[in-house]
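Here is a short tour of a two-part question: how do pieces of a chain meet, and which charged side chains pair up? Have the model open as you read.

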Amino acid sequence: MTTLALLGGQPEAIATGPHFSWPPIDDVTRARVAAQLDTAVSIPGRSGIVAELEDALKGYFGVRHAITTCSGTAALHATYAAVRIKAGDEVIVPAWTFHATASPLFHLRAVPVLCETGPDGNIDPARVEELITPRTRALMVTHLWGRPAGMAQLAAIADAHDLVLLEDGSHAHGAGIDGKKVGTFGLASAFSLNGPKPLSGGEGGFVLSNDDDTYYRVLMFAHYNKRCRSEIPDSHPLARYAVTGSGLKLRIHPLAAALAFDQLHRLDGYLAGRAEIARYLTEHLAQVPGLDVTPVPEGVIHSWYGLTLTYRPDELGGLPIERFHQALLAEGASEFDRSGSTRPLHELPLYRHPDRLFPGHPQHHRQYPPGSFPVAEHTYRHTIKLPVWHREQDLALADQYVRVAAKVSDHHKELLA
Ligand SMILES: Cc1ncc(COP(=O)(O)O)c(C=O)c1O
């Protein structure tokens, strides 16, 4: 008779050491990044590894422009500024996302308007139109955990209401719908290259756009002086600001660019490997009472930044998720995670009282008491997520996680006692 580790039994056999680390770094990666040390460690113009990475991103996404930045947050900030979001404008954003999807709006004195999400965590297209006012300028979409949002419907809404459609692809490099990649649906998109992201440079970010003016404005916002002077044509109305730009310098570090460049060539391989393991995990975890998995629709490529499970206490005698999660961790399955920072935004002080950090911020007409977004709040509180491994040899580890989930589910009554 087995006993749960939380109740004093033997943990289910889980391999020692960290179970997931990202990005994968091998000797080729090491050599490429080390070689960059001898080439250039500061690149003020569009040359060297920065130009190589931007060209490779343009090729990968099939877009006219890619501009690297020091972070995804900076890419989002530059994107909003470049599409001319200004003081008092409203931008519809998902109620549940990582805050940086929307936080740069406060710096522009614009107002993030939170929109309910669906059970898959993505913005619910059916809830967007009710939020549109004469001040609404843009719609920002996150592809949460790498699952593409409903872009056909969202693009139609943006079109019908003359809104700028923007994407935060930070979880979803290489994800797509019917052959079209996430990040290419709107006027511009922003991506993070931060540590665990599907495409990682350790730190960094980038903006994509097919629009020349947006490109120049991102440069003006994030890359003052050399890049602005050499890339913005004299005929552009902002060309004379080239030396100072907007006053911000948000360049990527060349070592981060070298790492991201190396990783970009491996991205599709990672995604294919993840898809295999996600299929295995999904199929087996779906059979575990107490856990639901959301199927991926036909034609959708998921980046599997995270595989989310929806906890169903009703199937386990009302066992609280905290106790279920504790029991998973006690078995040694340390990658079962409950997200902390990627949470409903209205629970964060910045979104409740932005005026304390941004005096005079025009948010006062939007208040979001607890319960404002029942689906986002419920889904967030009932989500347990896993990273998705990509190598064939990781299947054994994935299998251990399945066995842990099944063991805790089977023994749930003992946790209730
Ligand atoms: C959805 C989303 N947007 C934006 C960001 C910000 O990216 P960065 O950490 O590179 O600034 C993150 C980072 O975790 C994110 O998850």
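Is D89 buried or exposed? D89 is buried, with a relative accessible area of 6%, where buried means under 20% relative accessible area, exposed over 50% and partly exposed in between (1.4 Å probe, protein chains only).

A word on the source: this is a predicted model, in which local features need pLDDT of at least 70 and side-chain atom pairs count only at pLDDT 80 or more, while totals for chains, interfaces and linings use all residues. Residues are numbered from 1 along each chain as its sequence is written, and side-chain values use heavy atoms, with hydrogens and water left out.

**Salt bridges**

The structure holds 28 salt bridges, each a side-chain nitrogen of Lys or Arg within 4 Å of a carboxyl oxygen of Asp or Glu. Three of the pairs are set out here.

| Pair | N to O distance |
|---|---|
| R137 and D89 | 3.5 Å |
| E347 and R381 | 2.2 Å |
| R391 and D394 | 2.8 Å |

R381 sits in helix α12, whereas E347 is in the loop between β14 and α11, 34 residues apart. Helices (H or I, at least four residues) and strands (E, at least two) are DSSP runs, numbered from the N terminus. At 23% relative accessibility E347 is partly exposed, and R381 is partly exposed at 35%. In the third pair, R391 is partly exposed at 39%, but D394 is buried at 7%. A network of salt bridges also links R46, E54, D55, K58, R227 and E231.

**Where the domains meet**

The domain assignment, which is automatic or from a database, gives domain 1 (27–264) and domain 2 (267–416). Their centres, taken over C-alpha atoms, are 25 Å apart. Contact, meaning heavy atoms within 4.5 Å, takes in 48 residues from domain 1 and 46 residues from domain 2.

Together the domains bury about 3900 Å², 61% of it on carbon and sulfur atoms; this is the accessible area (1.4 Å probe) that two parts lose on being put together, summed over both. W96, F106 and W145 supply 22% of the area that domain 1 buries against domain 2, more than any other three residues.

What about charge and polarity at this interface? The rule finds zero salt bridges across the interface of domain 1 and domain 2, yet 22 residue pairs in polar contact (both at pLDDT 80 or more). A polar contact is a pair of N or O atoms within 3.5 Å; within protein, one must be able to donate a hydrogen and the other to accept it, and residues adjacent in sequence count only if both atoms are side-chain atoms.
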